[in-house]
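Q: Please take a close look at one part of this model, the surface near the DNA, and then place that part in its setting. I would like one connected account rather than a list.

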Number of protein chains: 2
Amino acid sequence: MSQTTRDHLLEAATVLFAERGFYGVSIANIADEVGLTKQALLHHFSTKAKLYGEVLEGISRDFERVRAQAIAASDDPEAQLTVYLLAMISTTPKDAMRSRLLMRELLDNQRRASTAGVWYLKAFLEELVAMMRAVPAWRAASAVEALAAIYQLLGAINYFAVSEPTLRGIFGDERFGALDDAYGEQLERLIQQVLKRPSR
Amino acid sequence: MSQTTRDHLLEAATVLFAERGFYGVSIANIADEVGLTKQALLHHFSTKAKLYGEVLEGISRDFERVRAQAIAASDDPEAQLTVYLLAMISTTPKDAMRSRLLMRELLDNQRRASTAGVWYLKAFLEELVAMMRAVPAWRAASAVEALAAIYQLLGAINYFAVSEPTLRGIFGDERFGALDDAYGEQLERLIQQVLKRPSR
DNA sequence: TGCGCTACCTACCGACCGGTAAGTTATGGA
DNA sequence: TCCATAACTTACCGGTCGGTAGGTAGCGCA
């Protein structure tokens, strides 16, 4: 069984798509990464678009697992959401990679999804809105208000995660390290502020 | 004089690069948009990279002009920064386009700038940090702390601007309109919260 | 033994990529 | 009037793209 080969291809594809985007990576690039030809890749995933789809489904599962852990860790909706959001920025490379892929999806979606008709982010956003509206201060808010607030937090989190290589290039490694530390602290405070504060 | 032709090419390039990224647009695409051949484009801008550079310089000038207006409008550093940040999200298509280009630059920078060695965003960020540290509550903060806070606000602003087509696709036009309204209101409150609050 | 299936391979296709070379056409100044 | 220059053009180049066609090698099972 070559489930392992398939998994290797999927893993390489995830990394490369996150780094360079759907249009910035060729299937030959991905196949090279695991020492195969692109025809071997096409044998496992019949088209590039299907491979990309499986990559997005993979990170959706990752997010869902993190969410389940956050929910299991506490009975307080506020704590659950805080843990979930902070988990996205915990500085492991894998978390940053997922953020990048999310951002790529937002940017490239217009071209890709409008032809494919698949909106990978919809369920993800709706779950976050549901978690937000379980928080006492947001219980009376409309779905739209909750989504707006959630999106601001997602922006603060993912924008930074995405910027890492650029900020490192601009400011150098040691100053970026200090920035990274400061960011984590301030983000937690920002989340608390938003969660405490009702919409109007 | 064909300064106009040059300008037309630059304008088309700005729109297309914002929509599809550096690697998602060919110089032939851009030239087609103004009814010329790609060789005509290469006559005005010798390479694709130079054209892209001029596009980024153009939006830098746009940002600088908006900043100058915000500074001229008030003597209060807090009001200046608020006006500047809110101007980025004022829902005109051009503002959203600039946000997309900024985001593309953050994402693609690793490939592009690391070879070119040009960091278009550095001056932009440093000016924002300077404005932040002119605000009373942030006067004692370190540059890194101010940058972290600024980056959270930039994230909240630009992430939303970038997501417009995707959110519109997921939720439809009318629900997106409601979200857009809610976003503006809540963003202003978020900016106030961050500006009032000292770092530690 | 032999059949079918999985997992790959080489060879190729038409389309497109950024860029070069070598023109043509129009303008404007000496 | 001549001639340089600007503003384009067509015709290419080598290379890469996603995908197809048609294999082959090995393995499990009847």
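A: Helices here are DSSP runs of H or I with at least four residues, numbered from the N terminus. The model is predicted, and what follows describes that prediction.

Start with DNA strand D. It is surrounded by 17 residues, and the closest of them are A:Ser26, B:Thr5, B:Thr37, B:Gln39 and B:Ala40. The elements that each supply at least two residues of the surface near this strand are α2 (27-33), α3 (38-44) and α4 (48-72) of chain A, together with α3 (38-44) of chain B. By residue type, the surface near DNA strand D holds seven nonpolar, nine polar and one charged residue.

DNA strand C can be described in the same order. Around this strand lie 18 residues, with A:Thr5, A:Thr37, A:Ala40, B:Ser26 and B:Lys48 the closest. At least two residues of the surface near DNA strand C come from each of α3 of chain A and α2 (27-33), α3 and α4 (48-72) of chain B. That surface divides into seven nonpolar, nine polar and two charged residues.

The relation between the chains comes next. A turn of 180° and a shift of 0.0 Å along the axis lay chain A on chain B with an RMSD of 0.0 Å. This is the relation of a two-fold axis. Both copies use the same surface, since 100% of the contact residues of chain A recur in chain B.

Where do the two chains touch? The contact involves 44 residues of chain A and 45 residues of chain B. On the chain A side, two or more residues come from each of α6 (93-116), α7 (121-132), α8 (143-171) and α9 (173-196). The largest share, 19 residues, belongs to α8(A). The residues on this side of chain A are 25 nonpolar, 13 polar and six charged.

One residue serves as an example from chain A. A:Gln186 lies in helix α9 of chain A. It counts as buried because it has 20 C-beta neighbours inside 10 Å. Leaving aside residues up to four places away in sequence, A:Gln186 touches B:Ala148, B:Ala149 and B:Gln152. Computed from C-alpha to C-alpha in the model, A:Glu174 is 19 Å from A:Gln186, and the two are twelve residues apart in sequence.

In chain B, helix α8 covers residues 143-171. At 1.5 Å a residue, its 29 residues should span 42 Å, and the end C-alpha atoms are 39 Å apart, which agrees. The helix has a kink of about 60° at B:Glu164, shortly before the proline B:Pro165. Of the 29 residues in α8(B), 23 are buried, so the helix is mostly covered. Just after α8(B), B:Gly172 takes a positive phi of about 85°.

Finally, chain A as a whole. It has nine helices and zero strands. The C-alpha trace of chain A spans about 55 × 40 × 30 Å along its principal axes. Of its 200 residues, 40% are buried. Among the contacts in chain A with a separation of 6 or more, 60% join residues 24 or more positions apart.

Definitions and conventions: Residues are numbered from 1 along each chain as its sequence is written. Chains are lettered from A and ligands numbered from 1 in the order in which they are written. This is a predicted model: local features need pLDDT of at least 70, side-chain atom pairs count only at pLDDT 80 or more; totals for chains, interfaces and linings use all residues. A residue is near a molecule or strand if its C-beta atom, placed from the backbone, lies within 6 Å of it. Ala, Val, Leu, Ile, Met, Phe, Trp, Tyr, Cys and Pro count as nonpolar, Asp, Glu, Lys and Arg as charged, and the others, Gly among them, as polar. Two residues are in contact if their C-beta atoms, placed from the backbone, lie within 7 Å. A residue is buried if 20 or more other C-beta atoms lie within 10 Å of its own, exposed if 12 or fewer, and partly exposed in between; C-beta atoms are placed from the backbone. The expected span of a helix is 1.5 Å times one less than its number of residues. The bend at a residue is the angle between axes fitted to the seven residues ending there and the seven starting there. Copies are superposed by least squares on the C-alpha atoms of residues with pLDDT of at least 70 in both.
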